[in-house]
Amino acid sequence: MHANYIAGHWVEGDGITRNINPSDTADVVGIYTQATLSQVDDAIAAAEAAAPAWGSTTALQRADMLDAIGTELIARKDELGRLLAREEGKTLAEATGEAWRAGTIFRFFAAEAVRLRGDRLPQLRPGVDVDITREPVGVVGLITPWNFPLAIPAWKIAPALAFGNTVVLKPADLVPGCAWALADIISRSGVPPGVFNLTMGRGAVVGQAILDDPRVAAISFTGSAATGKRIAEAAMRRLAKVQMEMGGKNPLVILDDADIERAVDCAVQGSFFSTGQRCTASSRLIVQRGIHDRFVAAMKARMASLRTDNALLPGTDIGPVVDARQLQQNEDYLRIGRDEGATLVQGGERLRRDTDGFYFSPALLTDCDNSMRVCREEIFGPVAAVIPVDSYEEALAVANDTEYGLSAGICTGSLKHATHFKRHAQVGLVTVNCPTAGADHHAAFGGRKGSSYGSREQGTYAAEFYTTVKTAYTAP
Ligand code: NAD
């Protein structure tokens, strides 16, 4: 039994989560406890009690601890990558890369702790100094999704601790293994009891209790748009600081002048890698008519060469879908798409492999129109819809015609169109001749419209959320 980590102790809760390997449902990755409401209360009380002393540590002390966490993550990336691939189903290469990335994020924020800046402004009143400093927010509640079980907790925990906050983490109940492993590393890093707490369990119970507690000053949430709306309402009710990263319906525009090989690379990588289960996945391929047929033919050939299999096998390109519910959702959307007039030209089938798992071949729909549900709703699986357009102007209009605004890409040889697209795509992340998915940890991450709310995550921009600004007037 893997326990919760509360006030520096490992404590068993009430109820269990069986963590099942989606590549092999006979393989139980581990049994994880679920926190009771009184344990969530204990975790928040511990975080509140630890906040003043933690906020008063020097930046260098915090940096050393974060560096130790990052160093252990990187040293154990192969083992942690294997755990991640087993519980979430992304391939071993993707999962090992995510473990390395989580370590790199901790190391980056170790340095950011030391680099945090204030400001000194000119005097406007004679003899009155004006200083601006950044202080910790206090107790932060972190609620994370299942698709990046190490990287997303890392990119929330690391800046929270770096800037002197204390943490209560509620990971997704589908994938508690990586969060538990991270808590284990943090517990041995020198971070004092109460500064970091892990409470596993269901969102509606454990997550909601964190959300509703007035001692939690800030909530950082990543997950679906539907849950995000509930998070926002609860946070607003008690005026808690809130940051939310939610879904996407990300467009990749392919113009007639694109390098077709590169466009196919971008589309296959962006739409299907990590089994398409990325908020930044390219789920709408908006293709100009002059290149359309060649692009679709090249996509079909490339997709047919991809091996969908057990995430732990070396030759696997695409791992399984995360669970039976998501597999059913993928199939439902293919049916919805066909009912609306789309054509399934490749994949979209349940596959049998040596082990029982949720295997589904990447699917390409053509003859799509942006009003179809498959072009408007987040599917969150390896399903891409091709939308033909006549011109760059139409492509841009279609790309922006969505309630989401996370990521958008364009494949083109035209500097004019690339520059215009970077300026006019209504998103937080824009890519040119690169996949829409895949972000660097030192750059701001987040979106617009229905995809995001609040300040950006990652890079130096993370300080906006994890600190609060104080202006001091001093007449010495
Ligand atoms: P989800 O919304 O179902 O769950 C996210 C988290 O919220 C989980 O930990 C869940 O237990 C918790 N939760 C659920 N109900 C809650 C409640 N009432 N109160 C508090 N917490 C609650 O999302 P998911 O299925 O785990 O993740 C997939 C979604 O995440 C997709 O929509 C994807 O686009 C999105 N996502 C977004 C980003 C981004 O940065 N924009 C990154 C990764 C995933």
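Hi everyone, this short talk walks through the ligand and the two largest pockets of this structure.

A word on the model before we start. It is predicted, so local features need pLDDT of at least 70 and side-chain atom pairs count only at pLDDT 80 or more, while totals for chains, interfaces and linings use all residues. Residues are numbered from 1 along each chain as its sequence is written, and side-chain values use heavy atoms, with hydrogens and water left out.

Let's begin with the ligand. It is surrounded by 30 residues, where being near means having a heavy atom within 4 Å of it. The closest are T144, K170, S224, T227 and E378. By class, that shell has 15 nonpolar, 10 polar and 5 charged residues. Here Ala, Val, Leu, Ile, Met, Phe, Trp, Tyr, Cys and Pro count as nonpolar, Asp, Glu, Lys and Arg as charged, and the others, Gly among them, as polar.

Now, which atoms of T144 and W146 lie by oxygen atoms of the ligand? For T144 it is a polar backbone atom, 2.7 Å from a ligand oxygen. For W146 it is a polar side-chain atom, 2.9 Å from a ligand oxygen. G203 has a polar backbone atom 3.4 Å from a nitrogen atom of the ligand. These are pairs of N or O atoms within 3.5 Å. The protein covers 91% of the 860 Å² of accessible area that the ligand has on its own, by the Shrake-Rupley method with a 1.4 Å probe.

So where does the ligand sit? In the largest pocket, meaning that more than half of its atoms lie within 2 Å of the pocket's grid points. A pocket, on a 1 Å grid over the protein atoms alone, is an open set of points where a 1.4 Å probe fits, with protein on both sides within 12 Å along at least five of seven lines; lining residues have an atom within 4 Å of a point.

This pocket holds about 920 Å³ of space, the volume filled by probe spheres set on the points. Of its 40 lining residues, W146, F221, G223, S224 and T227 are closest to the centre. The helix α8 gives the most to this lining, 6 residues, whereas α7 gives the largest share of the ligand shell, 5 residues. Helices are DSSP runs of H or I, at least four residues, numbered from the N terminus.

Finally, the second largest pocket has a volume of about 400 Å³. Its lining has 23 residues, with R101, F148, R278, G438 and A439 nearest the centre, and α4 gives the most, 5 residues.

Notes
A polar contact is a pair of N or O atoms within 3.5 Å; within protein, one must be able to donate a hydrogen and the other to accept it, and residues adjacent in sequence count only if both atoms are side-chain atoms. Helices (H or I, at least four residues) and strands (E, at least two) are DSSP runs, numbered from the N terminus.
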